[in-house]
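Me: I would like to go through this protein chain step by step, beginning with its contacts and then turning to its backbone.
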Amino acid sequence: MKTPIERPKRREASDDQQELPPTKCQKMVFLDCDKPVRRIIFECYHCRQGIIAQCHSNGNLQRLEPACPNCGKSAIRLETTEVFEITAIPSPWQ
Ligand SMILES: [Zn+2]
């Protein structure tokens, strides 16, 4: 019996991606990952404002785009149940 070959197409795709120029990236730190309420520190995608968000997940995930307190645009895309606090902080990466 042959064993199924694992992920040949995915390997080709990642080879292709390595040849693309680097895309815009966003720095994030997850805190309290083992607790119901997690804290996430990140920079706004648009203006790089440092932000700390509290969110919780009960398994009912949805795509959320909380607004940046500084520029008002979508600061980040999160897949979680609810974001209930979002606060501007000095960015730890600047
Ligand atoms: Zn912003």
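Me: Of the contacts in the protein chain with a separation of 6 or more, what percentage comes from residues 24 or more positions apart?
Reply: The model is a predicted one, and the value is computed from it. Two residues count as in contact if their C-beta atoms lie within 7 Å. Among the contacts in the protein chain with a separation of 6 or more, the share from residues 24 or more positions apart is 39%.

Me: In what order do the elements of the protein chain run from the N terminus on?
Reply: The secondary structure of the protein chain comes to 1 helix and 6 strands. Read from the N terminus, the order of these elements is α-β-β-β-β-β-β.

Me: Why does D32 count as exposed or buried, whichever applies?
Reply: D32 sits in the loop between β1 (28-31) and β2 (37-43), and its phi is positive, near 55 degrees, although the residue is not a glycine. Most residues other than glycine have a negative phi. A residue is exposed if 12 or fewer other C-beta atoms lie within 10 Å of its own. Because D32 has 11 C-beta neighbours inside 10 Å, it counts as exposed.

Me: Is R48 buried, partly exposed or exposed, and with what count of C-beta neighbours?
Reply: R48 is placed in the loop between β2 and β3 (50-56), and this residue, which is not a glycine, has a positive phi of about 65 degrees. A residue needs 20 or more such neighbours to be buried, and one with 12 or fewer is exposed. R48 has 18 C-beta neighbours inside 10 Å, and therefore counts as partly exposed.

Notes:
Residues are numbered from 1 along each chain as its sequence is written. This is a predicted model: local features need pLDDT of at least 70, side-chain atom pairs count only at pLDDT 80 or more; totals for chains, interfaces and linings use all residues. Helices (H or I, at least four residues) and strands (E, at least two) are DSSP runs, numbered from the N terminus.
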